[in-house]
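Student: I should like to learn how to read the features of a protein model, beginning with charged side chains. May we take them one at a time, with the general idea before the particular case?

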Amino acid sequence: MGLVGGREAMHSNTGETTLADADDDVASRRSDEKTPCTKNPVMLSTEIPLLDSCDDDWTWNVREKSHEVKLSGEKKRTAQFHPNWSNGTAAVRGNKVLQNGARYYWEIVIPSRVFGTSMMLGVATKKARLHIDAFVNIIGEDDQGWGLSHRGLLWHDGKSRKYTKPFKENESTKIGIMFDGIKGTLTYYKDGVSLGEAFTGLNHVKEDLYPMVASTAARTEMRIGVRKRSYSCLQDRCRVLIAKRLRTRRCLDVILLPKQLKSYVADYMQT
């Protein structure tokens, strides 16, 4: 699916077509002939996921990334892929486990440069590799990942299926991802519009799952935006409410609360 040892083009506006792009275009046309990955036709909607939720604050893992990924910005939320040029595929994992029994929603902003063989977003286990010197669809290349490429294809276990229209090249876009650990589903949103369920059965995966992004294209970026999670219990809901009212750790220190309760509230305030 990729070009081993080649160099991913940085000048996507020139109209040139690389061998990797041509190869991927053929695969994309073949995938168009396949049935959609969802059982029912995808119905687009502008529903807002996780209305009853609280803010989450995970970021990219500085230790679990390709050497071709540079992290920057507030709390390392911006991932830059192949800062100079690209000879392969680079990925980075989030630093927080997606728990079964909970729901999570996050958004990834791609500022402008959308091109190349594969730019991907999804979830994966720690067994999924983070770098390869070839242009591939790395999230979903095996049974350890579930990903969406910018060409509109879903990937898992080395197989692709048509899901949505390809992203427009060199145009900013925002991709939302909803992980439902109760139902075991993964749903994507594009610029606020739901694209429908992409994957099911994730609640049966035995390994821990993490957010993950990847790119083959040089000087591309993906930035973490909104992050939400469901409340785990009534106690968690009360903790979040207290933390929002107090706002700072200093305020928490001066109020009269049992030590264990203060520690519990402080854990959320540190996120």
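Student: Which side chain meets that of Glu141 in a salt bridge?

Tutor: In general, side chains of opposite charge can pair when their charged atoms come close. In this predicted model, the partner of Glu141 is Arg129, with a distance of 2.6 Å from N to O. Glu141 belongs to the loop between strand 8 (131-132) and strand 9 (145-149), and Arg129 to the loop between strand 7 (119-124) and strand 8, so the salt bridge ties together parts twelve residues apart in sequence. Glu141 counts as partly exposed at 23% relative accessibility, and Arg129 counts as partly exposed at 39%.

Student: Which salt bridges share partners and join into one network?

Tutor: One such network consists of Asp57, Glu74, Lys75, Arg77 and Arg227. Within it, Asp57 forms a salt bridge with Lys75, and their closest N and O atoms are 2.8 Å apart. This pair links distant parts of the chain, 18 residues apart: Asp57 is in the loop between strand 1 (54-55) and strand 2 (60-65), while Lys75 is in the loop between strand 3 (69-72) and strand 4 (78-81).

Student: Are Asp57 and Lys75 buried or exposed?

Tutor: Buried requires a relative accessible area under 20%. Asp57, at 19% relative accessibility, therefore counts as buried. Lys75 has a relative accessible area of 43% and is partly exposed.

Student: With which residue does Arg93 form a salt bridge?

Tutor: Arg93 pairs with Glu64, the closest N and O atoms being 2.9 Å apart. Arg93 lies in strand 5 (residues 89-94) and Glu64 in strand 2, so the salt bridge ties together parts that are 29 residues apart in sequence. Both Arg93 and Glu64 are buried.

Student: How many salt bridges does a search of the whole structure find?

Tutor: The search finds 17.

Student: Let us turn to the strands. How many helices and strands are in the protein chain?

Tutor: The protein chain has four helices and 16 strands. Strand 6 (residues 103-110) is a useful case: seven of its eight residues are buried, so the strand is largely enclosed by the rest of the structure.

Student: Which strands pair with strand 6?

Tutor: Strand 12 (residues 173-180) pairs with strand 6 in the antiparallel sense over eight bridges. Here Arg103 stands opposite Asp180 of strand 12. Strand 16 (residues 220-229) also pairs with strand 6 in the antiparallel sense, over five bridges. In that pairing, Val109 stands opposite Arg223 of strand 16.

Student: How are side chains arranged along a strand, and what does strand 6 give to the largest nonpolar core?

Tutor: In a regular strand, the side chains alternate between the two faces of the sheet. The largest nonpolar core has 37 residues, of which Trp60, Trp106 and Tyr188 touch the most other members. Strand 6 gives the most to this core, with four residues.

Student: What is Trp106 in contact with, apart from its neighbours within four places in sequence?

Tutor: Its contacts include Trp58, Leu98, Val123, Ile175, Ile177, Phe179, Pro211 and Val226, as well as Arg227. A second, separate core has 14 residues, among them Ala91, Met120, Val136 and Leu153.

Student: Where is Thr187 found, and is Thr187 buried or exposed?

Tutor: Thr187 is in strand 13 (residues 185-190), and at 9% relative accessibility Thr187 counts as buried. Beyond its neighbours within four places in sequence, Thr187 is in contact with residues including Gly176, Ile177, Met178 and Ser194.

Student: How many disulfides does the structure hold?

Tutor: The structure holds zero disulfides. For Cys238, the nearest cysteine sulfur is that of Cys233, 8.5 Å away. A disulfide needs the sulfur atoms within 2.5 Å, so a separation of that kind does not qualify. Cys238 is partly exposed at 39% relative accessibility, whereas Cys54 counts as buried at 0%.

Student: How may the protein chain be described as a whole?

Tutor: Of its 271 residues, 50% are buried. Among contacts with a separation of 6 or more, 67% are between residues 24 or more positions apart. The accessible surface comes to about 13,900 Å², and carbon and sulfur atoms account for 50% of it.

Conventions:
Residues numbered from 1 in each chain as written. Predicted model: local features only at pLDDT ≥ 70, side-chain atom pairs only at ≥ 80, totals over all residues. Heavy atoms only, no water. Helix = DSSP H or I, 4+ residues; strand = E, 2+ residues; numbered from the N terminus. Buried < 20%, exposed > 50% of the residue type's maximum accessible area, 1.4 Å probe, protein only. Contact = heavy atoms within 4.5 Å. Areas by Shrake-Rupley, 256 points an atom, 1.4 Å probe, with all protein chains shown as cover. Pairing = 2+ DSSP bridges. Core = buried A, V, L, I, M, F, W, Y, C linked by side-chain atoms within 4.5 Å. Salt bridge = Lys/Arg side-chain N within 4 Å of Asp/Glu carboxyl O.
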